[in-house]
Amino acid sequence: MVSNASSFINGRTNALSITDNRIKQILWYIIECYHILIDDNKTYSQIWVKQNTTLNFEDYLKFEFIYNYLIPNKILLKDKLSELEEINFAAETQKRYIDTDGKQKPDKIDICINKLGLQKVWNDADENIYFVIECKRIKQLSDTKEYVLDIEKFCNRNYSNLRLPFEGQIAFIENQKLSHANVTKEINNCLKKSSTITTESYLSILKLHSIIDCSYHSSHKKNFSENDHFSIYHLLLNYSGIVLA
């Protein structure tokens, strides 16, 4: 007879496998939307945004990508995986977490993706099961320090509700002299020097799309629990020809 503990472990392993595959499908779709954006020859002027909006430029890029690409093209994802028929992309969502000081605080999420069709897998309401992506602009290599700070947040934050052990990050690389390869190298250098981030595997390339190579994977430990591990999927997008002065 299989013990309750073994059943739990086997069930969790199966849930993680199904969830990981689901997230990879979503990441394929995000890269596909980026490919569509490139084919559209889309450009964004920093001067125009400053003169015509009160948004910081990072938020503007994020909103444009969500509302002009991730939401309108969802049929591509639904056709690929029917379980994602109701998938939802939202910007600036807030959840709750407990910080290292023990206080409950708001978790401001750049891109929150829910309705993943995983409620039966995790035995929770579909709205409570979500995948998070944090965004950062990379204008020069030193900006990778801000990117790594988001990894540190993932390590430190103890989330009040169900949080999948998978996180996402997007880098908008705006400098034509930078490639995703040398940005990745600098991120890994920062991680190796960090005393606040326990990295089990550094960023390594993970091909998620047949045309565009920009995706990486890393794994880390939570700082409040030695047995709490999580993965991060990184999409390092070349925006050097998209962002204008």
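Student: In this predicted model, where is Asn41 found?

Tutor: Helix 1 covers residues 4-39 and strand 1 covers residues 44-45. Asn41 belongs to neither of these elements, and its place is the loop between helix 1 and strand 1.

Student: Does Asn41 count as buried or exposed, and what is its relative accessibility?

Tutor: A residue counts as exposed when its relative accessible area is over 50%. Asn41 therefore counts as exposed, with a relative accessibility of 64%.

Student: What is the phi of Asn41?

Tutor: Most residues other than glycine have a negative phi. Asn41 is not a glycine, and yet its phi is positive, at about 55°.

Student: Which strand holds Glu92, a residue that also is not a glycine?

Tutor: Glu92 has a positive phi of about 60°. Its relative accessibility is 37%, so Glu92 counts as partly exposed. The element that holds Glu92 runs over residues 88-98, and this is strand 2.

Student: Turning to the whole chain, what is its radius of gyration, and how does that fit a globular protein of its length?

Tutor: The chain has seven helices and ten strands. For 245 residues the globule rule gives 18 Å, and the value for the chain is close to this, so the chain is as compact as a globular protein of that length. Its radius of gyration is 18 Å.

Student: How far apart do the centres of the positive and negative side chains lie?

Tutor: The chain has 30 positive and 31 negative side chains, and each set has its own centre. The distance between the two centres is 3 Å.

Definitions and conventions:
Residues are numbered from 1 along each chain as its sequence is written. This is a predicted model: local features need pLDDT of at least 70, side-chain atom pairs count only at pLDDT 80 or more; totals for chains, interfaces and linings use all residues. Side-chain values use heavy atoms; hydrogens and water are left out. Helices (H or I, at least four residues) and strands (E, at least two) are DSSP runs, numbered from the N terminus. The radius of gyration is taken over C-alpha atoms; the globule rule is 2.2 Å times the number of residues to the power 0.38. Lys and Arg count as positive and Asp and Glu as negative; His and the chain ends are not counted. The place of a charge is taken as NZ of Lys, CZ of Arg, CG of Asp or CD of Glu. Buried means under 20% relative accessible area, exposed over 50%, partly exposed in between (1.4 Å probe, protein chains only).
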